[in-house]
Amino acid sequence: MLSGLGPAAHLRDHGIAVVKDLPQVGQGMQDHLAVSHYFRATEATLNARLARVLAQMITGAQYLLMGTGPLSAPVNQCSGYVRSRRSNRVPDLQIYANPISYQTRTASPAVEQEAGFLLCAQPCRPESRGSITLASSDPTTPPVIQANSLATENDRAMAIEAEHVLAQLAATPSVQAITAKRLEPDVTAMSDDDMLANFRDNANTVFHPSCTCRMGRNAQESVLDSRLRVHGVDGLRVVDASAFPNVTSGNTNAPVMMLAERASRMILEDAAQARRV
Ligand SMILES: Cc1cc2nc3c(=O)[nH]c(=O)nc-3n(C[C@H](O)[C@H](O)[C@H](O)COP(=O)(O)OP(=O)(O)OC[C@H]3O[C@@H](n4cnc5c(N)ncnc54)[C@H](O)[C@@H]3O)c2cc1C
């Protein structure tokens with residue numbers, strides 16, 4: 001947008017010369033939101049290795065010297081996809097369990113001292129779409145990001161389903177066996193309204209914002225064609241998560257790499273074609 005490619009009126013509002021009017025640039029943003037529930041554990045978790053300074057130093061040294069230990073593995077140590085209802089054809093929720101608990105909403109985020117763990121769930125296919133727009137023509141000014149989460153009935157229903165799956169997990173004998181205490185709000189004792197309110201208040205982005213330069217048929221409904229070329233602009237492609245028409249069902253890193261592999265082939269094919277012509 002700062003280079004003059006985007007919704008013409010919005011660019012003019014910021015005194016930017018319009019190179020190409022592309023109304024969908026910055027529109028259609030999607031992201032995954034995850035809700036977490038916290039538990040005190042009956043046995044030691046990674047909190048013992050990461051909460052106190054001395055333990056942090058030992059754990060850090062283990063990783064630096066031997067490449068092993070908790071810092072050599074992702075924090076989401078087990079994860080999977082589940083169907084919120086048996087009748088669903090495909091999974092519609094991603095769940096994780098982390099053998100660690102931490103506070104992220106305090107002034108200084110920290111791993112908790114007491115043994116604890118998390119259970120998390122995120123709807124795979126949100127429908128809500130937000131936007132990213134300019135706050136200013138100064139590139140050092142942060143843009144305006146409007147997530148617009150939970151804007152559809154389906155997204156609100158899926159937020160409640162995510163909480164229900166965590167309630168079922170928390171009540172299983174194997175999770176109960178390692179639970180010393182369910183921290184508030186106790187997911188097993190919540191009404192649907194409580195669940196939605198909790199999701200609204202406490203669900204977080206899992207850092208998958210995408211789709212703000214999405215592929216599609218024409219410039220009125222998208223930014224790119226199916227070969228990732230910007231509609232109506234020669235020699236310009238967008239190859240990143242913003243090109244997705246929809247956010248993927250799961251994590252976005254591997255899909256971005258797949259997109260980039262595919263794009264590199266397209267660029268070579270188009271260059272070869274141009275040489276033939
Ligand atoms: C904290 C965090 C945790 C995540 N965890 C996971 C995970 O566990 N699994 C997973 O699959 N995904 C994860 N993701 C998401 C994943 O990293 C992103 O979806 C993916 O990296 C997006 O790739 P991209 O190429 O679209 O953007 P990026 O990887 O952000 O690449 C954009 C690049 O453009 C550069 N750039 C920006 N502006 C300019 C400019 N003006 N000129 C030149 N260069 C510029 C940036 O420096 C950057 O290198 C996580 C993201 C975050 C932030």
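## Exercises on a predicted model

F207 is exposed, at a relative accessible area of 69%. Keep in mind as you work that this model is predicted.

**Exercise 1.** Work out where F207 and C211 sit, and whether C211 is buried or exposed.

*Solution.*
Step 1: Find the loop. F207 is in the stretch between strand 13 (204-205) and helix 7 (253-276). C211 also has its place in the loop between strand 13 and helix 7.
Step 2: Apply the cut-offs. Buried means under 20% relative accessible area, and exposed means over 50%. C211 has 0% relative accessibility, so it counts as buried. F207, with 69%, is exposed.

**Exercise 2.** Look at the backbone: what is phi of F207, what is phi of C211, and which residue does a cis peptide bond join to E184?

*Solution.*
Step 1: Recall the usual picture. Most residues other than glycine have a negative phi, and most peptide bonds are trans.
Step 2: Read off phi. For F207 the angle is near 65°, which is positive although the residue isn't glycine. For C211, again not a glycine, phi is positive too, near 80°.
Step 3: Turn to the peptide bond. E184 is joined to P185 by a cis bond with omega of about -5°. You'll find P185 in the loop between strand 12 (179-182) and helix 6 (192-202).

**Exercise 3.** Describe what surrounds the ligand and which atoms make polar contacts with it.

*Solution.*
Step 1: List the shell. Around the ligand are F207, H208, D240, A241, N251, T252, N253 and V256.
Step 2: Sort the shell by type. You get 3 nonpolar residues, 4 polar ones and 1 charged one.
Step 3: Check the distances. A polar side-chain atom of N251 is 3.2 Å from a ligand nitrogen. In the side chain of T252, an N or O atom lies 2.6 Å from a ligand oxygen. N253 uses its backbone instead: an N or O atom there is 2.8 Å from an oxygen of the ligand.
Step 4: See how much is covered. On its own the ligand exposes 1,000 Å², and the protein buries 31% of that.

**Exercise 4.** In the sheet with the order 3-10-11, which strands stand at the edges?

*Solution.*
Step 1: Picture the sheet. Its 3 strands make an open sheet with antiparallel pairing.
Step 2: Count partners. Strand 3 (27-29) and strand 11 (144-146) each have a single partner strand, so they stand at the edges, with one side lacking a neighbour in the sheet.
Step 3: Add the twist. Ignoring direction, neighbouring strands here are turned by 30° against each other on average.
Step 4: Zoom in on one pair. Strand 10 (residues 130-133) pairs with strand 11 over 3 bridges. T133 has V144 as its bridge partner in strand 11.

Conventions
Residues are numbered from 1 along each chain as its sequence is written. This is a predicted model: local features need pLDDT of at least 70, side-chain atom pairs count only at pLDDT 80 or more; totals for chains, interfaces and linings use all residues. Side-chain values use heavy atoms; hydrogens and water are left out. Two strands pair if DSSP finds at least two bridges between them. Helices (H or I, at least four residues) and strands (E, at least two) are DSSP runs, numbered from the N terminus. Axes are lines fitted to C-alpha atoms, for helices over the stretch in contact, and angles run from 0 to 180 degrees between N-to-C directions. A residue is near a molecule or strand if one of its heavy atoms lies within 4 Å of it. A polar contact is a pair of N or O atoms within 3.5 Å; within protein, one must be able to donate a hydrogen and the other to accept it, and residues adjacent in sequence count only if both atoms are side-chain atoms. Accessible areas come from the Shrake-Rupley method with a 1.4 Å probe; for residues, only the protein chains shown count as cover. Ala, Val, Leu, Ile, Met, Phe, Trp, Tyr, Cys and Pro count as nonpolar, Asp, Glu, Lys and Arg as charged, and the others, Gly among them, as polar. Buried means under 20% relative accessible area, exposed over 50%, partly exposed in between (1.4 Å probe, protein chains only).
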